[in-house]
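The following exercises concern a protein with a bound ligand. Each task is followed by a solution in steps.

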Amino acid sequence: MTRPADQETLEIIRNNWQQVCSDVADACKQVDRDPTEVTIVGVAKYVDAALTAQLVAAGCTIIGENRPQVLWEKFDWFQQNGISMPRWHMIGHLQRNKVRRTLASVDMIQSVDSVRLAKELSDEAVRQNRAIDFLVDVNLTQDATKTGIGREELCLQASALSELPKLRWCGLMAMSSFDADSATIANEFSEVRKLRDQLQQSLVGKSDLRELSMGMSGDYREAIAQGATLVRIGTRLWNGIL
Ligand SMILES: *Cc1c(COP(=O)(O)O)cnc(C)c1O
């Protein structure tokens, strides 16, 4: 986990970060959005803690991890090495027996994929006296290979999700279908946004569902065009390194 990065690696990571920032800004401009409305979550699951720290040094303030244990290990490594902490976002499936430690390390859990998990998070957040932001991972295409809560269940449970103690429901996370073409992807993201808008109307005064976490290295443009506020970029940040 601790291989020090050489000078050349540092340069590559800095360049990649700047390139991704400017590409995201371009995608915003193309659809008349203010680039400050879209935040890049740097997905660091492909690299060790030392390289993750270099991405933070390059300017990335939010790091996304999809495996709880790796997130804890990196969190500890940052702490032990006295490196200033980024904000950590959990973006992958969270097993219920990993709730306690994960909750203590992260700022947001983007991947709440069951009501049961949300309730356990709430119970643990109460125990730790720690408020936490979360997104609901939605699966609108009934794709069995993907995690996420379906539309019907989400609508039924929305009110309960918005009332969980110590949990702040901030929006939705979604992934587009694997190998879909650009028009299909745009349509899928548009459906997520419509669902968010509909939920928001029913939750006025309860939850502020301002965040839409959609878009990765291959489809961030479509996502930004459909209203993404968080894009989760991995592969493009590690060009030339992996
Ligand atoms: C890996 C991952 C990403 C980043 O995907 P890239 O295609 O590497 O940019 C985004 N979101 C989730 C949930 C992931 O697991």
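**Exercise 1.** Identify the side chains that make polar contacts with the ligand in this predicted model, and state how much of the ligand the protein buries.

*Solution.* Step 1: apply the cut-off of 3.5 Å between N or O atoms. Step 2: for Thr235, a side-chain N or O atom is 2.5 Å from a ligand oxygen, which is within that limit. Step 3: Ser217 likewise places a side-chain N or O atom 2.6 Å from an oxygen atom of the ligand. Step 4: at Arg232, a polar side-chain atom lies 2.8 Å from a ligand nitrogen. Step 5: the ligand alone exposes 390 Å², of which the protein buries 89%.

**Exercise 2.** Describe the make-up of the shell around the ligand and the space that the ligand takes.

*Solution.* Step 1: list the surrounding residues, among them Val43, Ile91, Met175 and Gly234. Step 2: sort the shell by class, which gives six nonpolar, three polar and two charged residues. Step 3: the ligand takes up the largest pocket.

**Exercise 3.** Which parts of the chain does the salt bridge between Asp133 and Arg168 link?

*Solution.* Step 1: the N to O distance between the two side chains is 2.6 Å, within the 4 Å cut-off. Step 2: Asp133 belongs to strand β5 (residues 132-137) and Arg168 to strand β6 (residues 167-174). Step 3: the partners are 35 residues apart, so the pair links distant parts of the chain. Step 4: the salt bridge count comes to 15.

How values were computed. Residues numbered from 1 in each chain as written. Predicted model: local features only at pLDDT ≥ 70, side-chain atom pairs only at ≥ 80, totals over all residues. Heavy atoms only, no water. Near = heavy atom within 4 Å. Polar contact = N/O pair within 3.5 Å; in protein donor to acceptor, adjacent residues only side chain to side chain. Areas by Shrake-Rupley, 256 points an atom, 1.4 Å probe, with all protein chains shown as cover. 1 Å grid on protein atoms, 1.4 Å probe; cavity = no way out; pocket = protein on both sides within 12 Å on 5 of 7 lines; lining within 4 Å. Sits in = over half its atoms within 2 Å of the grid points. Nonpolar A, V, L, I, M, F, W, Y, C, P; charged D, E, K, R; others polar. Helix = DSSP H or I, 4+ residues; strand = E, 2+ residues; numbered from the N terminus.
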